[in-house]
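The following exercises concern charged side chains, cysteines and backbone angles. Each task is followed by a solution in steps.

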Amino acid sequence: MAAVTPLSQKQPKLPPPSTIRPILRKPPSSVLGKRRTDDDDNNKNDITDLSQLLPSSPTKKRKTVMFSENLNIVKEVGSKTLEDAKREVKQALESHSRGDDEDYDSLKDIFAPAPRRRRSLGNEEEEQQNDSRPQDLLIYVMALTSQAPLLGKSCSGLIRSVLKCAWLERDENFSRVLSMMVDKFGEIRGSASSVSGFEPVTAEQRKQRLHLGLRYLLELFPAGKQIILKLVDAKFPYSQDSKAAHMQYIDHLLRLKAERPELDRDIMELILSRLVKLDVEMTLDLENDDDETTAAVMRLLEASDAKGEDDDDDSDNDSVMSDEEDSDEKTRRVLLFKSKLETMDAILDLLFSIYDPIFEDPDSPEAVEAFQDLLSDFSNVILPHLKSRHTQYLVFNFALKSPQLVELFIGTLFNIAFESTRPPVVKQAAVSYLASFTARGAKVESEQVQKIAQTFLDYIDHFRATHTSCRGPDVRKYGQYYAYFQGLLYIFCFRWRDLIDRELCPPTLDWDDPASFIGQDLPWMAGLKARLQANISSKLNPLKCCSPFIVDEFARLSHHLRLIYIYPQIEKNKNIQLSQFFTGSYATGGALRDTGFESDNEKWTHLETCFPFDPFQLPVAKRWLDLSNNYISWQHLTILNKGEEVEEDDEDDDEDEEADGQSIQEDTATDDENNYD
């Protein structure tokens with residue numbers, strides 16, 4: 001039986017069990033003779049400064065005391081205060097500068113990988129207890145930060161030890177410190193504030209101090225880059241948050257970008273992605289609401305813009321909303337839409353101000369590189385969201401700065417449109433962007449317009465030739481084909497003069513007067529008329545699937561410009577139900593999927609009308625767009641209306657003349673086509 005030592009037997013006094021091994025040598029007299037009291041138990045968690053923010057170790061370990069026979073020094077294991085760590089770090093660095101490296105080497109060992117520490121300690125119990133001490137590491141890093149002036153070139157070994165430390169394999173403490181700092185991004189304090197006993201601190205000083213701390217942390221922890229990116233993404237303001245909250249947060253992001261250039265692309269993509277999200281959300285909100293609500297929102301924006309951004313516009317809200325006070329819900333909705341639009345306007349205005357100086361020389365290497373970055377963000381962030389209405393004007397505006405950038409943008413869109421690995425919806429979006437940019441971009445030259453139209457014609461001809469066995473029009477199955485055809489019609493409506501061979505035109509034509517072209521036999525670009533006619537009369541029947549609005553406008557223009565007469569086909573299409581050609585059926589498993597629409601609802605059987613460069617509506621950011629020189633607005637030819645009134649009278653007289661069930665319109669169509677030839 002083991003002998004029991006009586007408690008009354010005189011024993012050597014042990015040091016109080018604490019929880020960390022200090023890096024400094026400590027004489028035994030400093031800890032001997034000290035007695036543990038009840039107060040020690042009650043206050044064992046009383047820690048100061050940063051250590052209060054750190055959670056306790058996930059597993060509670062037995063407190064141990066070990067003796068070094070060589071130095072007769074007590075080594076403690078556990079946690080300590082930041083002030084203790086600062087004192088030890090300072091003494092170690094000062095000793096190192098005098099040539100005494102013992103404490104300095106101990107400091108390096110703290111950040112060394114576990115195998116190295118184990119070899120140096122050579123004790124199993126020590127190995128188990130010192131294998132992972134993330135809270136201690138963080139305290140020592142903060143202590144090193146406070147002694148930054150002492151970290152000269154001679155301390156490169158210590159810095160390397162810190163940088164090589166396996167931060168990602170440790171617990172969440174480091175992330176929590178960064179998270180608390182990122183939380184400060186969202187604080188809105190416009191005036192100076194102070195703590196009792198200290199001088200007032202301005203908002204700018206608070207920002208500078210915050211980013212000073214972030215800079216130190218990110219310099220010491222390379223792995224913090226990925227952590228900080230996840231944090232700023234997760235803590236970005238919600239779309240319904242105020243404009244001030246968004247702009248304050250983005251200001252912090254831009255400061256972070258300036259301090260850490262390697263984060264530049266990630267931060268700009270984050271800002272752009274959140275802007276697109278807000279843009280799409282607003283488009284859907286306004287589409288799903290009534291026209292009266294949309295009109296009220298626009299009146300509020302115009303009133304705010306006219307009065308000035310910094311003025312109190314409550315009176316404007318009251319006056320504009322006076323007619324819309326049928327319900328509190330409607331009023332709330334209008335004001336929420338207004339707030340979101342103002343936020344979007346402010347963010348886009350800020351982005352324009354950031355990029356504009358870079359493009360002062362649009363052909364410089366810096367400008368080309370910046371535009372390529374924009375194109376990358378456009379392809380990854382903007383293009384997949386066809387409901388975006390304003391964000392894409394960043395690319396539109398800077399692409400038109402030089403012919404080289406125009407070519408880059410067009411080339412990027414063609415690459416995406418023809419890339420086989422892209423999802424069909426993205427490829428169709430690229431076609432819509434191509435058509436809209438060609439139609440609206442005033443700096444897109446006539447030669448480029450013809451090349452783009454020629455490429456569209458080549459595609460639809462090839463598609464028609466390879467799909468001769470199709471049963472009929474099907475927008476779900478042949479969506480890419482209809483996207484190209486609709487894009488071609490859209491380009492024609494805006495740029496029809498650029499599709500004429502100028503060298504073969506009579507000198508009597510006035511290129512500045514569209515009316516002079518009406519009723520003339522015009523030399524259209526080679527193959528335009530014949531290839532359009534071949535596709536229109538094919539089984540694919542694109543006029544039935546394209547937007548009725550665009551088809552009607554093309555029909556009017558092409559008829560009066562004597563390109564092609566398509567009204568008979570339009571009338572014939574009125575008797576065609578597209579649902580009969582749908583490929584989704586029981587045989588293909590289509591009945592097992594929720595299609596989201598009823599087969600007899602014809603609006604779902606047409607290609608969506610969405611051209612991304614429709615008129616820009618944001619009042620503040622609009623100042624960056626030279627619309628008078630860079631943008632082609634829709635110009636309705638009033639002379640066509642007069643001609644149509646005469647034609648309608650003639651058609652009324654001809655309606656009585658029918659023979660063998662054949663409409664006079666068919667004969668008229670044939671005669672017109674012969675005359676145009």
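A residue is called buried when its relative accessible area is under 20%, exposed when that area is over 50%, and partly exposed in between. The model examined here is a predicted one.

**Exercise 1. Salt bridges within helices**

Determine which residue forms a salt bridge with Arg 332, and classify the accessibility of Arg 332.

Solution.
1. The criterion is a side-chain nitrogen of Lys or Arg within 4 Å of a carboxyl oxygen of Asp or Glu.
2. The partner is Glu 329, with the closest N and O atoms 2.8 Å apart, so the pair meets the criterion.
3. Both Arg 332 and Glu 329 belong to helix H15, where three residues, about one turn of the helix, separate them.
4. Arg 332 has a relative accessible area of 44% and is therefore partly exposed. Glu 329, at 43%, is partly exposed as well.

Find a salt bridge in helix H2 (residues 82-97) and describe the placement of its two members.

Solution.
1. Asp 84 and Arg 87 both lie in helix H2, three residues apart, or about one turn of the helix.
2. Their side chains meet in a salt bridge with an N to O distance of 2.8 Å.
3. The relative accessible area of Asp 84 is 23%, so this residue is partly exposed.

**Exercise 2. Further salt bridges**

State how many salt bridges the structure holds, and describe the one between Glu 419 and Arg 422.

Solution.
1. The structure contains 30 salt bridges.
2. In the bridge of Glu 419 with Arg 422, the closest N and O atoms are 3.2 Å apart.
3. Glu 419 is partly exposed at 31% relative accessible area, and Arg 422 is partly exposed at 25%.
4. Salt bridges also link Glu 204, Lys 207, Asp 251 and Arg 255 in a network.

**Exercise 3. A charged surface patch**

Identify the residues of the negative surface patch, and place Glu 360 relative to the helices.

Solution.
1. The patch consists of Glu 360, Asp 361, Asp 363, Glu 366 and Glu 369.
2. Glu 360 lies in the loop that runs between helix H15 (328-355) and helix H16 (365-382).
3. With a relative accessible area of 68%, Glu 360 is exposed.

**Exercise 4. Cysteines**

Establish how many disulfides are counted, and examine the surroundings of Cys 546.

Solution.
1. A disulfide requires a pair of cysteine sulfur atoms within 2.5 Å.
2. By this rule the count is zero disulfides.
3. Cys 546 is in no disulfide, because the nearest cysteine sulfur, that of Cys 545, is 7.0 Å away.
4. Cys 546 is buried, with 1% relative accessibility; Cys 470, at 6%, is likewise buried.

**Exercise 5. Positive phi values**

Describe the phi values of Asn 541 and Arg 562, and decide whether each residue is buried, exposed or partly exposed.

Solution.
1. Most residues other than glycine have a negative phi.
2. Asn 541, although not a glycine, has a positive phi of about 45°. It is located in the loop between helix H22 (528-536) and helix H23 (542-545).
3. Arg 562, also a residue other than glycine, has a positive phi near 60°. Its place is the loop between helix H24 (548-560) and helix H25 (567-573).
4. Asn 541 is buried at a relative accessible area of 5%, whereas Arg 562 is partly exposed at 29%.

Terms used: Residues numbered from 1 in each chain as written. Predicted model: local features only at pLDDT ≥ 70, side-chain atom pairs only at ≥ 80, totals over all residues. Heavy atoms only, no water. Patch = residues over 30% accessible without salt bridge, like charges linked within 9 Å, V, L, I, M, F, W, Y side chains within 5 Å. Areas by Shrake-Rupley, 256 points an atom, 1.4 Å probe, with all protein chains shown as cover. Lys, Arg positive; Asp, Glu negative; His and termini not counted. Charge placed at Lys NZ, Arg CZ, Asp CG, Glu CD. Helix = DSSP H or I, 4+ residues; strand = E, 2+ residues; numbered from the N terminus. Buried < 20%, exposed > 50% of the residue type's maximum accessible area, 1.4 Å probe, protein only.
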